[in-house]
Amino acid sequence: MAVPAVVRMLSRIRSGRSVRYWMAAPSKCACCHRISELGRTWPEAREDRLAHMPLLSPVLSALQAPPTREVLQTFLGRKQPSPESPPGATAAITGGIRPVDLYCYLVARFGEPNGFQNVLRKQDSDNWIHWHFSLRYQDEYIEVMAMTYRIELWVPHSVAAITADIAGEFVKAVKVDFASYGSAMGKIRAGLEEWQEFLNPHARLSQVLNQMCDRANELVATLPARLPHPHTSEESEAFGENFDRWLKVHAEVNGLCQSIRLLAPVAAESFVNLLIFVLLKPELRAQAGFHDGFVRRHINERVAELNIHCQHFTMPVDWSAPECRALHTLMNRRNDYLHGNFNPDREAYGTVYFKGTVPIFADWRDFYDRAFGPYLRSFSAQSATEDLTIVEGFKSYVMSCVDPKAYSNLRRLTETIELGYRPEKHRIGLLFPGVLHDAFATTEPPSFVHGGDGI
């Protein structure tokens, strides 16, 4: 009996009569929602709903999007505002709604962006303003402009006077209106290309290794000159201070250079794997397991078959070339360290003779040579720099086998840290420039005032 009671109650509300409505006793409807005494008139209920409506909902519902040509004509024909004119306001949306959701809503309701900044933008992602809607409100305009870090709202004084929280109330109004355009928003979102942003393992590692190498060389440059072996207490004190500095510097240099020498071959291997992923022939990529099987093969086999399985190679990469042989030696030494191989002959750094327990030295080494010589031989800044040079030489040789038409874009791809990946197409791309930038627009005299950073 609960459901008919609710129906009767709603029918009396829709009749427009100002009557009080209630249930004689609490009950449950078919949806198990408890209904209790309401005790309000229909006008009161309507006023309550209006009180909870976002302040800018009436403004949002009145917006129109004129054609871009009309927007441009209006913009070019605008007169300079008088100093007495009350200024509009700007506000920044930085949260509360996803940028893609706001974009889909605006396109679903108004069509493609119509603002004049769309005419000025370059046809790539390196722009200050990516999309721009000019929406007419009465005889004025609200500008919605999407930058990389925020979405700016420029509103006239008639709108700014409604609320101090322009961004927050605008977002609330839009989200309330989502229900009216949900289906259209879904279709628009489905038409967008979805790219995953990721860090390029090769470029990221190369950057870290170069930074570590620069730091090691900077530290070595700070080392004071060696002091001669001391013969007096005064000389011993100065020698100790000098030696302490060497100890501190070489402790950090040794760690940096050991890491570089272990990781340099990884940079070369990640370079090869990146080329395989980007350039693998489509028919081979479509074969289940081919890519994964190829990248698991030995490095020399992968390199030798790049021109067979990958696009844009004009000649084979010769593993017997000097650049490849140098890398092979580098990787063998790394593998010995990585697997903890024990080989005294390879690690020898000097010779000493003994007669019983008496050492007889084969060469002259001072205090510094005895303390730091073994480590400088294996993990010096110079040796680390040489390893990175070998890796760069190998990369340059491999790239010399690539079609010149593809060389420039491929080089940029291998050197860019932040890349994009489109899974359904198995495509990697450069999404954004390598430099972050931003700007802020002002007018003279100020016709808009900053209304805060919003939400």
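Which residues form one aromatic cluster? In this predicted model, the members are Phe239, Phe243, Trp246, Phe367, Tyr368 and Phe372. Keep that group in view as a starting point, and let us look at the other rings.

A search of the whole structure turns up 15 aromatic pairs. One of them is formed by Tyr105 and Tyr181, whose ring centres are 5.7 Å apart and whose planes meet at 85°. That angle makes the pair edge-to-face, because planes over 60 degrees apart are counted that way. If you trace the chain, you will find Tyr105 in helix α5 (residues 99–110) and Tyr181 in helix α9 (residues 178–190), so this pair ties together parts that are 76 residues apart in sequence. The two partners are also worth viewing with the surface switched on. Tyr105 has 0% relative accessibility and counts as buried, whereas Tyr181, at 24%, counts as partly exposed; the cut-off for buried is under 20%.

Rings can have a charged partner too. Arg285 lies over the face of Phe277, and its distance from the ring centre is 5.4 Å.

Now turn to helix α10 (residues 201–221), where you will meet His202. With a relative accessible area of 2%, His202 is buried. What joins the side chains of His202 and Ser270? The link is a polar contact of 3.1 Å. Ser270 is also among the residues that His202 touches once neighbours within four places in sequence are set aside. The others in that list are Ala267, Phe271, Leu274, Lys395 and Thr414.

Notes. Residues numbered from 1 in each chain as written. Predicted model: local features only at pLDDT ≥ 70, side-chain atom pairs only at ≥ 80, totals over all residues. Heavy atoms only, no water. Phe/Tyr/Trp six-rings, centres within 6.5 Å; stacked < 30°, edge-to-face > 60°. Helix = DSSP H or I, 4+ residues; strand = E, 2+ residues; numbered from the N terminus. Buried < 20%, exposed > 50% of the residue type's maximum accessible area, 1.4 Å probe, protein only. Lys NZ or Arg CZ within 6 Å of the ring centre and 35° of its normal. Polar contact = N/O pair within 3.5 Å; in protein donor to acceptor, adjacent residues only side chain to side chain. Contact = heavy atoms within 4.5 Å.
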